[in-house]
Structure formats: structure tokens, C-alpha cells
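User: I would like to go through this structure step by step. Please keep the answers short.

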Amino acid sequence: MEHCELTGFFSAAQRARLLQATARRFSVRTYTGEADAPQLSALQFAAQKLKLPGVRIVISHCEESKLYKKLPGVTPITGTGLFAAVVVDTEIPYARYHAGICGEAFVLEAFSLGLGACWIGSFKKSGLKIETADFEEVLAVIPFGTFDGEVSPRKRKSLNDICTGNPTDWPLWAYNAAECVRSAPSAMNLQPWHLNFAGRTMLLSKKGLGTQLDLGIALLHMSLGVGEKEHVIRWEEGKHVASLLAEDRLT
Ligand SMILES: Cc1cc2nc3c(=O)[nH]c(=O)nc-3n(C[C@H](O)[C@H](O)[C@H](O)COP(=O)(O)O)c2cc1C
């Protein structure tokens, strides 16, 4: 069980801000314009700080038609050329999980500034004008900008479908963490995760066709959902992704 770098990575203020944004976040694909200068510099600052091992977030600009694919039945990205590229060093352990954590934190920072954002895993690599090393890969891009409208209702599995046992019997922090995982975005909305609780430990596991990116996103939501309660996260093995131990006093 290896120590996970997400433990203690965010300040209390940042955790509170990101947690609030989880309730407002949804995938915005139709934008009304681009971030203004203060919003952009706040996001540049956030991107600089979102550096777990093997990940960097690069803000760039593009012509939408050159980067985004037109897929049947999916609303295309329009109205903003600004995006963040989530770049991983493929040789660093856990880099793809770290990419999910850092990319989702970036998305939530955008929402906390009143902007919208959307993870895009299926994009035209030829449209990217970002320098990368041979050992690096751009896992996803995240367009962001202003938008009109309210949070779209989320289509989600029920809490009972993603948890073993009855989460209403769990301590409040664990129940809240499970609800926060439930609201997390995933590619094709597959929600490829499962949660278990025993003792003082929550276990996040992969279920179905999930990627490490999806599970990294879920892990960030799980940690944010715990709220102010101190906790320690460790990587697990196989289909078990990570465990989160929370108690009043950690030694
Ligand atoms: C890793 C990842 C990749 C995604 N790729 C795409 C994509 O290529 N195109 C797209 O329109 N949406 C994409 N999405 C957005 C999901 O479809 C969306 O998160 C999911 O349907 C849940 O909806 P919500 O984000 O509004 O809660 C992606 C989401 C994630 C997390």
C-alpha cells in the first residue's frame, strides 16, 4: 500500500472551494465566450500549482474545428478556443491517476470562478499546438469559458448501485464522500467505480471499463466529499484503486 500524494495536497481553503464547485459542475459544451483576463490569470495560477508527479496542465488556444471532433449524438464544443491540456509523463507511476485528480481540480477551479468546463478525451491530436517530449502524452483537453444556464440534471447510478452495503448506515463523512463520487464526471458517463466501507476505511475500486483518468477523478471527489475531516489516502492493488482512512486523530 503506497502513500498517495493527494493526501494533504490541497489547502483547507482550496478543498472547501473545490467541494462547493462539485455541486455546480456539469459538462458545458456550448460556451457564450472566453474567460476574461482576471479569470484566465487565476486559472493560469491554478494550472501552475496542479502538479502531482508526472502531470502538467498547459493552457492553450485553438480553433474549435481543428481540435474537437464532430460525433453523432454529442453536442460539439463551440464558443471558446481556450482549453487546458492534461499532459502526463508516461514513465511516472500513478501519473494517469494524478492526471484525473489535477484535471478535475482544474475543472472545479473554473466553476468556482463562474466559468464552465468539460473533459474531452476524444479530440484531434493534430489540432494540438503543444510541445511534448517523447515520453509525454496528452490524455485529455478541457475547454472552458462562459456559459448560460443552470446545472443540467445528472444521469447517475444510484448510491446503492455503486456501494456495497447500505451507505445510509455509514458515518456521515463516508456517506458524503460516496455522494461526491456519484456526482463525478467520467468518459461516456460510465461511472466505472465501486465503494466499500469498513472500520474507518473507504475503498475505491474500479468496476467495468474505467480508465485511470476516470478513477483519479473519482478519488479527488471522494477526498473532497470527506470535508474537513482529516484523512490519509493510500494506493491499493488490482481492481482496488485506493483506500481512504479517516479518523479524528491520525497518528
Ligand atoms: C475522462 C473523460 C473524457 C471525456 N470525454 C468526452 C468527450 O470526448 N466528448 C464529450 O462530449 N464529453 C466527454 N466527457 C464528458 C462526459 O461525457 C460527462 O462527464 C458525463 O456524461 C457526465 O456528465 P456531466 O459531466 O454533465 O456530469 C468526458 C469525461 C471524462 C471524465
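User: What percentage of the residues in the chain is buried?

Analyst: This is a predicted model. A residue counts as buried if 20 or more other C-beta atoms lie within 10 Å of its own. Of the 251 residues in the chain, the buried share is 41%.

User: Why is the chain called as compact as a globular protein of that length?

Analyst: The chain has seven helices and nine strands. For 251 residues the globule rule gives 18 Å, and the chain is close to that value, so it is as compact as a globular protein of that length. Its radius of gyration is 17 Å.

User: Where does the ligand lie with respect to domain 1 and domain 2?

Analyst: The ligand is surrounded by 20 residues, and Ser27 and Trp119 are among the closest. Domain 1 (27–145) gives residues to this shell, and domain 2 (159–246) does too. The ligand therefore lies between domain 1 and domain 2.

User: Which helix gives the largest share of the shell around the ligand?

Analyst: By class, the shell has 11 nonpolar, six polar and three charged residues. The largest share from one element is three residues, and they come from residues 212–225, which form helix α7.

User: How many of the 14 residues of α7 are buried?

Analyst: Helix α7 reaches 20 Å from its first C-alpha to its last, close to the 20 Å expected. It is largely enclosed by the rest of the structure, because the number of its 14 residues that are buried is 13.

User: Which residue just after α7 takes a positive phi?

Analyst: The place to look is just after the helix α7. The phi there is about 75 degrees, and the residue is Gly227.

Note on methods
Residues are numbered from 1 along each chain as its sequence is written. This is a predicted model: local features need pLDDT of at least 70, side-chain atom pairs count only at pLDDT 80 or more; totals for chains, interfaces and linings use all residues. Helices (H or I, at least four residues) and strands (E, at least two) are DSSP runs, numbered from the N terminus. The radius of gyration is taken over C-alpha atoms; the globule rule is 2.2 Å times the number of residues to the power 0.38. A residue is buried if 20 or more other C-beta atoms lie within 10 Å of its own, exposed if 12 or fewer, and partly exposed in between; C-beta atoms are placed from the backbone. A residue is near a molecule or strand if its C-beta atom, placed from the backbone, lies within 6 Å of it. Ala, Val, Leu, Ile, Met, Phe, Trp, Tyr, Cys and Pro count as nonpolar, Asp, Glu, Lys and Arg as charged, and the others, Gly among them, as polar. Domain bounds come from an automatic or database domain assignment. The expected span of a helix is 1.5 Å times one less than its number of residues.
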